Amino acid sequence: MTSGPKAAPTRKIAVYPGSFDPITNGHLDIVERAARMFDEVVVAVGQHPTKPGYFPVSRRCELIAAACAHVTNVRAEHFEGLVVDYCARLGATVIVRGLRAAGDFESEFQMGLANRDMAPDIDTIFLIPPPEQMFVSSSLIREIAGHGGDYSRYVPEVVGRALVQKNGGADRTP
Ligand code: COA
């Protein structure tokens, strides 16, 4: 029996949405893990409705692109509107989120359920960042940087340089 022509395999695209203001090593770990699981990972930078924004969105995208340059199937992009609508436009079927601690669970679960309700064909998966970075968040980095502390082990080098520049060139990292 001869089989008919095989359908071209569909590329599995995942979207990793977030504020990334700025990207941290914890985020980067999630990106690298997702990149091993999917054909393409789009790090989607959104403006949170209540967060003021530290770096402009375009700068956040540049920093992500530079920090992820070693991962060939990853790109960074700005998005507006609902994540699920953005996924539909891209043909992405998976939303990736990082789950750092129990405190993240409640809000992530709520967002995951809302997204599932709005778009049943899109799955949310949660990946776990390195345990030693569990407490790190972008605002924590910004606060340490603002007071001249050493944040170098929490962020990619390119982000470290951007923070030094933003804080008037004061660098007290070793
Ligand atoms: N390492 C380090 N920090 C991490 C992290 C990781 N692996 N994972 C999350 N965080 C931190 C972030 O740095 C951020 O810290 P901050 O609050 O100090 O800035 C915090 O955890 C959570 O932020 P983030 O994951 O960026 O999400 P968010 O809550 O800022 O949401 C959007 C941003 C754009 C994803 C969200 O507003 C959104 O989806 N908007 C579109 C509307 C929509 O579709 N909503 C969902 C349906 S209701």
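In this predicted model, an oxygen atom of the ligand is 3.2 Å from an N or O atom in the side chain of R97. This pair is a polar contact, that is, a pair of N or O atoms within 3.5 Å; within protein, one atom must be able to donate a hydrogen and the other to accept it, and residues adjacent in sequence count only if both atoms are side-chain atoms. The table lists this contact with two others made by the ligand.

| Ligand atom | Protein partner | Distance |
|---|---|---|
| Oxygen | R97, side-chain N or O | 3.2 Å |
| Nitrogen | T24, side-chain N or O | 3.4 Å |
| Nitrogen | V136, backbone N or O | 3.2 Å |

Taken alone, the ligand exposes 940 Å², of which the protein buries 81%. Accessible areas come from the Shrake-Rupley method with a 1.4 Å probe, and for residues only the protein chains shown count as cover. Around the ligand there are 25 residues, of which S19, K51, V83, S138 and S139 come nearest; a residue is counted here if one of its heavy atoms lies within 4 Å.

Residues are numbered from 1 along each chain as its sequence is written. Because the model is predicted, local features need pLDDT of at least 70 and side-chain atom pairs count only at pLDDT 80 or more, while totals for chains, interfaces and linings use all residues; side-chain values use heavy atoms, without hydrogens and water.

**R97 and P22**

R97 is found in strand β4. Helices (H or I, at least four residues) and strands (E, at least two) are DSSP runs, numbered from the N terminus. R97 counts as buried at 18% relative accessibility, where buried means under 20% relative accessible area, exposed over 50%, and partly exposed in between (1.4 Å probe, protein chains only). Its side chain also reaches the backbone oxygen of P17 at 2.8 Å. Beyond its neighbours within four places in sequence, R97 is in contact (heavy atoms within 4.5 Å) with residues including Y16, E108 and F126.

P22 lies in the loop between β1 and α1 and is buried, with a relative accessible area of 1%. Leaving aside neighbours within four places in sequence, P22 is in contact with H27, F55, L63, S138, R142 and V159. The C-alpha atoms of P22 and S137 are separated by 9.0 Å, although these residues are 115 apart along the chain.

**Helices α2 and α5**

In α2 (residues 57–67), the buried residues are V57, R60, C61, L63, I64 and A67. They lie on the same side of α2, because they cover an arc of only 165° around the axis. The arc is that of the directions from the helix axis to the C-beta atoms. Cover for these residues includes α1 (25–37), β2 (40–45), β3 (74–78) and α6 (157–166).

The buried residues of α5 are S138, I141 and A145. Their arc is only 60°, which puts them on the same side of α5. An α-helix has 3.6 residues a turn, so residues three or four places apart point the same way. These buried residues pack against α1 and α6, whereas the face turned away carries the exposed residues E143 and G146. Just after α5, G148 takes a positive phi of about 75°.

**Nonpolar cores**

A nonpolar core is a set of buried Ala, Val, Leu, Ile, Met, Phe, Trp, Tyr and Cys residues joined through side-chain atoms within 4.5 Å. The largest has 36 residues, of which V74, V96 and Y151 touch the most other members. Elements giving two or more residues to this core include β1, α2 and α5. Apart from it lies another core of 13 residues, among them V42, V83, V84 and Y86.
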